[in-house]
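Here are a few short exercises for getting to know a new structure. Try each task yourself, then follow the solution step by step.

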Amino acid sequence: MFTQPIISLLSLLALATLLFSCGDEKNVDPTEDNERITTISLQFINKADPKDAVVLTLDNIGADGTQPTSSSTSGSLKPYAAYSMAVVLGDRSKNPAEDVTAKIKAEANEHLFVYTPSSGLNLGITLSDLDTNPAPGPYPVGLTANASTGPPSTGKLNVVLRHQPGTKNGKATPGTSDLDVNFDVVVR
Amino acid sequence: MRFVLVFAYTLLMAGLPTYAQLAPNCTATLSGQIGQSLPNRMALPGATVYIDGLKRGTLTDANGFFRIDNLCPGTYTVEYRFVGFTTFSETIRLPLDSIRTITLQSDAVNLPGLEIHEHRSEARQLLQNQAELSGVALDQTRGQSLGESLKNIVGLYSIQTGPSISKPVIHGLYSNRILVLNNGIRQEDQQWGSEHAPQIDQFVASRLTVIKGAASIRYGSDAIGGVILVEPKAMPSVPGVHGDLNAVGATNGRMGAVSGYVEGASSTDNAFRGLSWRVQGTLKQAGYARAPGYFLENTSFRERNFSADLHYDKKQWGVEVFFSQFNNRLGLFRGAQVGSLTDLYAAIARPEPLVQPDFSYALARPYQDINHHLLKGRTYYRSETFGELTLTVATQTNVREEYDMLSFARVETPELYLKLNTQTADLIWEHPTRRDQFGGVWSGSVGVNALTQGNVRRFLFLIPNFRANALGGFVIERYARNRWVFEGGLRYDVRTLRAFFLNEQTNQVFSRAHQWDNANGSLGISYQLRPDLTLTTNLSTAWRAPNASDLYANGLHQSAVAFERGNPNLRPEQAFNGNLALAYAGKQLTMELGVYNNLIQNYIYLKPDSVPTIRQRGAFPAYSYDQVRALFRGLDATISYKLTNALTFTSKTSLLWASDQTNRDYLVLVPPNRTDNSLRYEFSTKTVRVSGLYVQVSALAVARQNRVPAVSREIRDGVPIFRGDFAPPPPGYALLGAEAGLNLQLGKRALSLIVTGSNLLNTAYRDYLNRFRYFADEPGRNISVKLKTNF
C-alpha cells in the first residue's frame with residue numbers, strides 16, 4: 001500500500017533529474033553588450049589645407065562604460081582655421097569589429113550628436129548634415145560638422161550621442177544618451 | 001462497455017437535467033431541516049438550499065424546514081448556505097437521500113465581498129493572521145494580475161512597474177521576503193527583482209490565502225513578510241465531464257482574456273474509480289493603457305498559460321501529477337526609458353510624456369519575455385491510526401529575457417537572460433489527532449523541506465551564475481481545549497550558495513561560497529472570549545539568507561535607472577514578529593482588527609550612494625546593498641455593518657509605520673495608509689432567470705506617504721547628486737468605483753455577469769509605489785465586464 005505511491009513518485013523524481021540536469025551554472029558566459037561603443041574618433045580636415053588632418057580618439061571605453069583617462073591625438077588644431085569634421089564610432093569588443101557609424105547613419109532620423117566645448121576652449125562646431133525626418137524636419141544629425149577655431153586655447157570637448165525615437169525636434173533635450181564622453185582639445 | 005454505459009448515463013443525468021425534468025418519473029423530493037450548531041441546534045429560517053447541477057433552490061421556512069419537489073432520480077451536489085455560517089455542500093443520490101438534517105457551523109466573518117474565515121483544514125489551520133480571497137470576491141478580480149487582485153485584502157499592497165507589472169507587498173515587505181506557494185510548490189521566479197511579478201496564472205486560483213507576518217516555520221526560510229497560497233479548485237468527485245469558461249473585457253488597454261477548464265472524474269463503480277483530471281488554459285492580451293489625457297506607449301502585454309492535473313485517489317492513498325506553463329510578454333512604458341540621471345531629471349520635470357501615440361496593441365522594446373514551467377508530483381498515505389504522510393516533489397524552470405530599448409543595433413537577442421532551475425522535495429507527516437483525558441485535542445506535524453537551484457545568465461551581467469541548496473526541518477504541535485487553542489513550532493534550516501564568475505582577462509571561472517544556518521520558533525494562542533468574539537495572538541521569528549542579487553548584483557538595472565552593487569559581506573536577516581487579532585461576528589456587525597509589529601535585524605536594502613556612477617551613457621545614481629535595523633508596525637481593520645437586510649457597509653483600512661532604526665530615518669517604498677469603503681445593495685428578488693443581483697459603490701482613499709527619507713538634489717562639479725529619492729512622493733488620491741453583478745439562467749446554462757468600473761471620475765493621479773510614477777499618471781477610467789459560465 002505504501003510502495004505504490006512511493007515508487008511512482010521516485011520514478012517521477014528520477015525523470016525530472018534526467019530532464020533538468022544541473023551543473024550548467026559552472027560554465028560562465030562572458031558579458032556581452034548588444035550596443036557597445038568602445039571607440040570614438042573625431043577626424044578634422046583643414047578646409048584650406050587638406051594635408052592638415054587631426055584625429056582625436058578615445059579607445060578602450062570600458063565594458064562597464066568607464067571612460068579612458070586620456071585620449072590619443074595626432075596633433076593639435078590650428079588657431080583661426082576652418083575644419084570639416086566627421087565622427088567615427090566602433091565596437092572593437094566584437095570580432096570582427098563593428099562599424100557603429102554606419103548603424104547610426106541608418107537610424108539618423110532618431111539620433112543627434114551634441115558637441116559642447118568647455119568654456120575657454122575657442123572652438124565652434126556647426127552640424128553640417130541633415131536627416132530625412134518629415135516636416136517640420138529635416139533636422140541635423142552631427143555625423144559631420146564644420147569646426148572653426150579662435151585664438152590658441154585648451155579645454156574639453158563634450159560629445160553626447162542622443163537617441164530620440166519619435167521625439168527628435170532638433171534640440172538636445174528629448175530622448176536619452178547613448179554616449180557621453182569628453183575629449184582633450186588643444187588649439188595652438 | 002459497462003463503463004461507457006455508466007459514463008453516458010451520468011453525462012445524461014448531469015448535463016441534461018432540463019430534458020430529464022420532463023420525464024414522467026421525476027417525482028423525487030428533497031426535504032429536511034437546517035439548524036445551527038450552537039446554541040442547542042436552533043433552526044435557521046431563510047437559509048438557502050441549492051442544487052448545483054439543476055440550478056434549482058429554495059429557502060427554509062420559519063422553522064428551518066425546506067422542500068424541493070419534482071426531482072429526477074440521480075446524483076446531485078447540494079449547497080446549504082446562510083450568512084454568517086460556513087457553506088456546507090454534499091453529494092446526494094435521489095431518491096435514496098431524500099430527507100436531510102443539516103447543521104451549519106458559525107463562521108468568524110462571512111462578508112458578501114471579502115470572505116475571511118477561520119481555517120481548520122490542511123496547512124491553513126496554522127494559528128496565524130490570515131485572510132483569503134475566494135468565490136465571488138475572487139471572481140470580481142478576474143482578468144487582473146495576481147498582484148492586483150491581492151490588493152483587495154487589507155494589509156496587502158503592490159509595487160508596480162507601469163500598469164502591466166504588479167508585485168505583491170504584505171505589511172510593507174516584498175520580493176524574497178514573501179513566499180508564494182503555487183499549488184503547494186514554493187514559486188522560484190527571480191522574485192528578488194522589484195519589477196519581477198509572480199509568474200502565476202490568476203485564473204488557476206480558486207482561492208488565494210495570505211498569511212500575514214512571519215510564517216517561516218511551516219513554509220521555509222525567507223517568509224519574513226508572509227506567505228501567499230495560490231490554490232486551484234478541488235478536483236471533481238462527481239462523475240462526468242464538466243467545465244467552466246471565463247471571459248473578461250476591459251475598456252482601458254482594450255484588454256481581453258479568456259480562460260477555461262474541462263474536468264472530469266470517473267464513475268464510482270468501475271476500475272478507474274478514484275481517477276480525476278483537469279485541463280485548463282488562459283489567453284490574455286492588452287494594448288496601451290490610457291492615463292487621463294494620453295496613452296502610455298508600449299504598455300501592452302500578452303499571456304498564454306496552460307495547466308493539467310491528474311489525480312488518483314484511493315481510500316488510504318493517492319497520487320497527483322500537475323503541470324503548468326506560464327508564458328508572458330510584458331511591454332514596459334517607453335516614456336520611462338531614460339539614459340542617465342540628467343535625462344531622468346528632464347523626464348521628471350515634464351508634466352506629461354513627450355510621446356503620446358494613438359492606441360495600439362504593438363509590443364516592442366523594452367519588454368520582458370518570461371516562461372515558467374512547473375512539474376509537480378505528490379503522493380500521500382493516510383489512516384486513522386497512522387495520520388497522514390505526504391511526499392511532494394517538483395521541478396520548475398524560469399526563463400527570463402529582458403529586452404532593452406535599442407539605439408542603433410538591430411539584433412534579436414535580449415540584454416538580460418536568466419534561467420533558474422529549481423527542484424524541491426517535501427516530506428510531511430501529520431500525526432493522528434489525539435484526545436487527552438481533559439478533553440483537549442492534540443494535532444501537529446513534522447516535516448523536511450529540501451531545495452536545490454541553479455541559475456545561468458547570458459549577455460549583460462546583473463547577477464552571477466549560482467547554485468543554491470537548502471535543507472530544513474520543522475515540528476508544529478497544536479493543542480485545543482474548550483475555548484483555548486495553543487500552537488508552538490520549531491524549525492532549523494541550512495542554506496548554501498556558490499556563485500560563479502568569469503575572469504574575462506584569463507578566461508578562468510572562479511567561485512565564492514557561503515553557508516548559513518538558523519533556528520526559529522513560533523508561539524500562537526487563540527481564545528474565544530464569547531461565541532462571536534475571538535482573540536488570536538502569534539509571536540514568531542523568521543530569517544532570510546541574502547540571495548545572489550543582494551550579494552553580487554553588479555550592473556545597470558533595466559528600467560530602474562540605477563546602478564546596483566551587491567555586498568558580499570551581508571548577514572542573514574532576522575525577523576521578530578508579533579500579531580494580535582480580534583474577530584467579532586455578530587448578526588449586524590462583523591469585524592476583524594489586527595495589529596502587528598515586525599522588527600527585522602540586518603534588513604537588507606538598496607542604499608543610495610551620494611556620488612553617482614559615471615558610465616558611457618552618462619551619470620547614473622548608484623546604490624549598494626546595506627543592512628539596518630528596520631521596524632514595520634501597522635493595523636489592518638475590516639468592518640462590515642448590515643444597515644438593512646439588503647444594504648451592507650464595508651470598510652477596509654490598512655495603516656503602516658516603517659522606519660530605519662539604525663539611521664533614525666525612514667525607508668523608501670513603504671506603502672502609504674489607505675482605506676477602501678463600500679456600500680453594497682443586494683436585491684432579494686429572485687426569479688427563475690435572475691438571482692444574486694447586487695450593486696456596489698466604493699471609494700478608495702490613499703494618503704500621501706510623508707514618512708520618506710528627505711529628498712534633495714544638487715549639481716556638484718557638473719554632476720547631479722541626489723539624496724533619498726529622485727522626486728518627493730506624489731500627493732494622496734481618492735478614486736470612485738462601482739460594480740454590479742447578477743446570475744442569469746439561460747435555458748440550461750447558468751451565466752454570471754459582473755460589470756466593474758474603476759477610477760470612474762477619470763482622476764489623474766500617481767501612486768508612490770509605482771516605479772514609473774516619475775514619468776506618467778496612473779491609468780484612468782476602466783470599465784470591465786466579466787462573464788462566467790459552466791457546462
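**Exercise 1. Strand partners**

Which residue is the bridge partner of B:Leu631 in strand 37 of chain B?

Solution. Keep in mind that this is a predicted model.
- Step 1: Start with the two strands. Strand 36 (residues 622-642) and strand 37 (residues 647-660) of chain B run antiparallel and are joined by 13 bridges.
- Step 2: Look at the link. Strand 36 and strand 37 of chain B form a hairpin, with four residues between them.
- Step 3: Find the partner. B:Leu631 has B:Ser659 as its bridge partner in strand 37 of chain B.
- Step 4: Carry on to the next strand. Strand 37 of chain B also pairs with strand 38 (residues 674-682) of chain B, in the antiparallel sense and over eight bridges. Here B:Lys652 has B:Asp676 as its bridge partner in strand 38 of chain B.

**Exercise 2. An open sheet**

Find which strands are the edge strands of the open sheet of chain B with the order 8-13-14-11-12.

Solution.
- Step 1: Read the order. This open sheet has five strands, with mixed pairing.
- Step 2: Go to the ends. Strand 8 (130-134) and strand 12 (185-186) of chain B are the edge strands, since each pairs on one side only.
- Step 3: Zoom in on one pair. Strand 13 (residues 205-212) and strand 14 (residues 226-232) of chain B run antiparallel, joined by seven bridges. B:Thr209 stands opposite B:Leu229 in strand 14 of chain B.

**Exercise 3. One side of a helix**

Work out why the buried residues of helix 6 of chain B are on the same side.

Solution.
- Step 1: List them. In helix 6 (residues 341-349) of chain B, the residues B:Leu341, B:Asp343, B:Leu344 and B:Ala347 are buried.
- Step 2: Check the arc. They cover only 155 degrees around the axis, so they are on the same side of helix 6 of chain B.
- Step 3: Recall the general rule. Residues three or four places apart point the same way because an α-helix has 3.6 residues a turn.

**Exercise 4. Where two chains meet**

How many residues does the contact take from chain A and from chain B?

Solution.
- Step 1: Count each side. Chain A gives 40 residues to the contact and chain B gives 48 residues.
- Step 2: Find the main contributor. Helix 1 of chain A supplies the largest share of the side of chain A that touches chain B, seven residues.
- Step 3: Sort by character. The residues on that side of chain A divide into 18 nonpolar, ten polar and twelve charged.

Key
Residues numbered from 1 in each chain as written. Chains lettered and ligands numbered in written order. Predicted model: local features only at pLDDT ≥ 70, side-chain atom pairs only at ≥ 80, totals over all residues. Buried ≥ 20, exposed ≤ 12 C-beta atoms within 10 Å, placed from the backbone. Arc of directions from axis to C-beta. Contact = placed C-beta atoms within 7 Å. Nonpolar A, V, L, I, M, F, W, Y, C, P; charged D, E, K, R; others polar. Pairing = 2+ DSSP bridges.
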